[in-house]
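Trainee: I have a model to read and some terms to sort out. Can we go through them one at a time?
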Amino acid sequence: MRILIVDDDTKLSALLKDYLEPFGFEVSFAPDGITGLTKAQAPEIDLVFLDVMMPGLDGFEVLRRLRLDGIKTPVVFLTARDAVDDRVRGLKGGADDYVVKPFAIAELTARVRVALRHSDAENANTLLSLSDLELDQEAHRVTRSGTVVSLSPTEYKLLRYLLLNSGRVLTRAQILDHVWNYDFDGDASVVETYMSYLRRKVDTVEPKLIHTIRGVGY
């Protein structure tokens, strides 16, 4: 199991790594919210430990963006913020648990295993589909009418975001935010470029699945 620790307290992160690895966990780090958000989006991460007060983005915002992007990876807050309002905000925002520092390591390990069991039960079906288009998140494979479609990492991420929001109109700003991350400062026309790439690969047959809503988005 692979755990990501998003916390600017490097000493605590190192202690957690030393404790968890003998139990079979692989542990990686992110020292701020922006880096943590990017790393937490990786499909190989099984669980995220998330601090609240961090540089860049705070933990609540990191969690909000992950859940808005359809990422259901279990998240456990590890924070000194012990106010009831903070606990409620974290849990209502989609966290699986909220642990206040200081904490007992043995209890934390038990909470991790509970969160992972719940995640396994909820995410048994990893297949996203629309008409004859299928995206298998576990196998990282896309097919249309049973034929495998080869996509670049960005094309795959774009298609996944579209499928997670099937039936909704997404603005270019939303797509930039969730596919290229919120701090993207390049040419916004990259959305149109990659949408064109994607259409050539997955939308060459009927029914057409990707539609442009003029003046709004896709």
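Mentor: Start with a cut-off: exposed means over 50% relative accessible area, and buried means under 20%. Keep in mind that this is a predicted model.

Trainee: Which residues of helix 1 are exposed?

Mentor: Thr 10, Lys 11, Leu 15 and Asp 18 are exposed. They sit on the other side of helix 1 from the buried residues. The buried ones are Leu 12, Ser 13, Leu 16 and Leu 20.

Trainee: How do you know that the buried residues line one face of the helix?

Mentor: Look down the axis of helix 1. Its buried residues fall within an arc of 100°, so they line one face. An α-helix has 3.6 residues a turn, so residues three or four places apart point the same way.

Trainee: What makes Asp 9 a cap of helix 1?

Mentor: A side-chain oxygen of Asp 9 lies 3.3 Å from the backbone nitrogen of Lys 11. The cut-off for a polar contact is 3.5 Å. Asp 9 caps the N-terminal end.

Trainee: Why is Val 216 called partly exposed?

Mentor: Its relative accessibility is 39%. Partly exposed lies between the 20% and 50% cut-offs, so Val 216 counts as partly exposed. Val 216 also belongs to a nonpolar surface patch with Val 169 and Ile 213.

Trainee: How do you know that strand 7 and strand 8 pair?

Mentor: Pairing needs at least two bridges. Strand 7 and strand 8 have 4, and they run antiparallel. Leu 135 has Val 142 as its bridge partner.

Trainee: What joins strand 8 to strand 9?

Mentor: There are 3 bridges, again above the cut-off of two. Thr 143 stands opposite Val 148.

Notes
Residues are numbered from 1 along each chain as its sequence is written. This is a predicted model: local features need pLDDT of at least 70, side-chain atom pairs count only at pLDDT 80 or more; totals for chains, interfaces and linings use all residues. Side-chain values use heavy atoms; hydrogens and water are left out. Patches are made of residues with over 30% relative accessible area and no salt bridge: like charges are joined within 9 Å, nonpolar side chains (Val, Leu, Ile, Met, Phe, Trp, Tyr) within 5 Å. Accessible areas come from the Shrake-Rupley method with a 1.4 Å probe; for residues, only the protein chains shown count as cover. A salt bridge is a side-chain nitrogen of Lys or Arg within 4 Å of a carboxyl oxygen of Asp or Glu. Buried means under 20% relative accessible area, exposed over 50%, partly exposed in between (1.4 Å probe, protein chains only). The arc is that of the directions from the helix axis to the C-beta atoms. A polar contact is a pair of N or O atoms within 3.5 Å; within protein, one must be able to donate a hydrogen and the other to accept it, and residues adjacent in sequence count only if both atoms are side-chain atoms.
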